[in-house]
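Reader: I would like to learn how to read a few features of a model. Where should we begin?

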Amino acid sequence: ISSSLPELFTAAFFLLALEEVEGFLSGLSTMAGSAIYNALVIPGLMGIVSLWKLKKGLPEHDRGLVWRDGLWLIGCQLVVLFFIRSGHIGWMESGTLLLLYGGYIASLNRARKAHSITVRALPRATKQKAYRNLAINVTLVGAACFVLVECCVALGEQLGWSLAILGLLVAASATSVPDTLLSLRDAWRGQPDDGISNALGSNIFDLCVALGLPVLIYSLTHS
């Protein structure tokens, strides 16, 4: 979730700045570009890092994890495509996307319990420090995404390019940097499952929450 906050902020700022169809399409193109980047660029970079660090390809990964997250991602893509083809996306459709993400989280929780994975409790002082750092970094990410959207708008005016194209190329690459860094860290540690899950889970969050939440808020506030 944390590595996908740039997509959430960018989609929200596009919708607020441009409104209606152009704002939605700019956010949607950012999600699409990020999905392509996560599916092609991140695994390739993980392989390069693994070859450099471990002198071999990525270690064997959990194929069940790829099947689980991959099928959820395909399902979310089909739902979004259906809404787009219907010609209308409002509070009901965006709410459906958020519920869909809730189902995905529930499936992850069931998998965690099935594998008897426990979460270590942190000391109170450590939690407070973590929350403080999280708030500071979320604020910085939000500010950076606001500047990114303003730069895309200005660049589109200067070059005469569609903002949907700039979202697909520029905004998508910029917002995928956190996912790239986290996945490369996992590849460096020889943990391909974490890196692959991060890339797929990020795409699911982008489609359901980063796209659904701004549209839901916009629909409710603009009737």
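Author: With a bend in a helix. This is a predicted model, and in it helix 6 has a kink of about 30°, centred on Leu169.

Reader: What span would a straight helix of 13 residues have, and what does helix 6 span?

Author: Take the rise of 1.5 Å a residue: a straight helix of 13 residues would span 18 Å. Helix 6, residues 163-175, spans only 15 Å between its end C-alpha atoms.

Reader: Which residue caps the N-terminal end of helix 6?

Author: For a cap, look for a side-chain atom beside a backbone nitrogen at the helix end. Here Ser162 has a side-chain oxygen 3.2 Å from the backbone nitrogen of Ala164.

Reader: Which residues of helix 6 are buried, and what covers them?

Author: Buried means under 20% relative accessible area. In helix 6 that applies to Leu163, Leu166, Gly167, Ala171, Ala172 and Thr175. Their cover includes helix 1, helix 2, helix 5 (124-159) and helix 7 (177-188).

Reader: Now the cores. Which residues touch the most other members in the largest nonpolar core?

Author: That core has 24 residues, and the ones with the most such partners are Phe24, Val80, Tyr101, Ile204, Phe205, Cys208 and Leu211. Two or more residues each come from helix 1 (5-18), helix 2 (20-54), helix 3 (63-86), helix 4 (91-114), helix 8 (192-210) and helix 9 (212-221). Helix 8 gives the largest share, seven residues. Another core lies apart from this one; its eight residues include Leu148, Cys152, Val153 and Leu166.

Reader: What is Val80 in contact with, leaving aside its neighbours within four places in sequence?

Author: Val80 then has contacts with Leu28, Leu97, Leu207 and Leu211.

Reader: How many aromatic pairs are there, and how do I read one?

Author: Check the distance between ring centres, then the angle between planes. Rings pair if their centres lie within 6.5 Å, and planes from 30 to 60 degrees apart count as tilted. The count is seven aromatic pairs. Phe82 and Phe83 have ring centres 6.1 Å apart and planes at 55°, so this pair is tilted.

Reader: Are Phe82 and Phe83 buried or exposed?

Author: Phe82 counts as exposed because its relative accessibility is 57%. Phe83, at 10%, counts as buried.

Reader: What about Tyr101 and Tyr104?

Author: Their ring centres are 5.8 Å apart and their planes at 45°, so Tyr101 and Tyr104 are also a tilted pair. Both lie in helix 4, three residues apart, about one turn of the helix. Tyr101 and Tyr104 are both buried. Ring pairs join them with Trp72 and Phe205 in a cluster.

Technical notes:
Residues numbered from 1 in each chain as written. Predicted model: local features only at pLDDT ≥ 70, side-chain atom pairs only at ≥ 80, totals over all residues. Heavy atoms only, no water. Core = buried A, V, L, I, M, F, W, Y, C linked by side-chain atoms within 4.5 Å. Buried < 20%, exposed > 50% of the residue type's maximum accessible area, 1.4 Å probe, protein only. Helix = DSSP H or I, 4+ residues; strand = E, 2+ residues; numbered from the N terminus. Contact = heavy atoms within 4.5 Å. Expected span 1.5 Å × (residues − 1). Bend = angle between axes of the 7 residues up to and from the residue. Polar contact = N/O pair within 3.5 Å; in protein donor to acceptor, adjacent residues only side chain to side chain. Phe/Tyr/Trp six-rings, centres within 6.5 Å; stacked < 30°, edge-to-face > 60°.
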